[in-house]
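Student: I should like to take a close look at one part of this structure, namely its charged side chains. Please describe where they sit and how they pair.

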Amino acid sequence: MAARARSAPEQHRKAVAAYVAAGGEESVQRVITGIYGVTKKLDQWYVRQLADLDLTQGEWAVLAALAKAGEARLTPSQLADLTNVAPSSMTHRLDKMSQRGLIERRPDESNRTRTLISLTSEGWDLFSDAIRESNVVESDILRGLSTEERGSLAGLLERVIEQLDRIEA
């Protein structure tokens, strides 16, 4: 007889129990294991979404970096740094994205040896479509929380992020 798959809450409780048994503090392990579980499930969904959009995770990282840059154009080196890849890998990625019409390359007017990258309207549309589609799933995930609870959760996570920043410094 096949073993029954454990539900996400059961998996969470079992993982927390194992970490506590090994010496972890229960309240810490409940939070960290919960964050990891949410991240893992969302990552699985995002991978499927990107495949449906015919995008790699690396191409998505470039679209997102350019969208976050707003009106600013970025160099391939800046994009490589922002997406944690080697500059040679970025060149290949940008070639593919340019061929698909998602990005535009222009020479830098102040330094003609540099190339500046920006999203095309097609690239922005693809980015926007992906965000709107993700927002539907993300909203469903948080549907059980009130607006106040969402705000509290967001504030707490932002404090955790700030603490991570302090620890890294």
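Tutor: Glu158, Glu162, Asp165 and Glu168 together form a negative surface patch. A patch consists of residues with over 30% relative accessible area and no salt bridge, where like charges are joined within 9 Å and nonpolar side chains (Val, Leu, Ile, Met, Phe, Trp, Tyr) within 5 Å. Lys and Arg count as positive and Asp and Glu as negative, while His and the chain ends are not counted. One member of the patch, Glu168, lies in helix α7, which covers residues 147-168; helices (H or I, at least four residues) and strands (E, at least two) are DSSP runs, numbered from the N terminus. Glu168 is exposed, because its relative accessible area is 66%; buried means under 20%, exposed over 50%, and partly exposed in between, with a 1.4 Å probe and protein chains only.

The model is a predicted one, in which local features need pLDDT of at least 70, side-chain atom pairs count only at pLDDT 80 or more, and totals for chains, interfaces and linings use all residues. Residues are numbered from 1 along each chain as its sequence is written, and side-chain values use heavy atoms, leaving out hydrogens and water.

Let us turn to the pairs. Side chains of opposite charge can pair when their charged atoms come close. A salt bridge is a side-chain nitrogen of Lys or Arg within 4 Å of a carboxyl oxygen of Asp or Glu. The whole structure contains eight salt bridges. In one of them, Glu104 is joined to Arg106, with the closest N and O atoms 3.1 Å apart. Glu104 is partly exposed at 30%, and Arg106 is partly exposed at 38%. Another salt bridge joins Arg114 to Asp108, with 2.5 Å between the closest N and O atoms. Here Asp108 counts as buried, since its relative accessibility is 6%, whereas Arg114, at 38%, counts as partly exposed. Arg143 and Asp140 also meet in a salt bridge, at 2.2 Å from N to O. Arg143 is exposed at 57%, and Asp140 is partly exposed at 43%. In addition, Glu59, Lys96 and Arg100 are linked in a network of salt bridges.

Arginine also takes part in a contact with an uncharged partner: the side chains of Ser118 and Arg73 make a polar contact of 2.5 Å. A polar contact is a pair of N or O atoms within 3.5 Å; within protein, one must be able to donate a hydrogen and the other to accept it, and residues adjacent in sequence count only if both atoms are side-chain atoms. Ser118 belongs to strand β2, residues 111-119, and is buried at 11%.

Methods. Areas by Shrake-Rupley, 256 points an atom, 1.4 Å probe, with all protein chains shown as cover. Charge placed at Lys NZ, Arg CZ, Asp CG, Glu CD.
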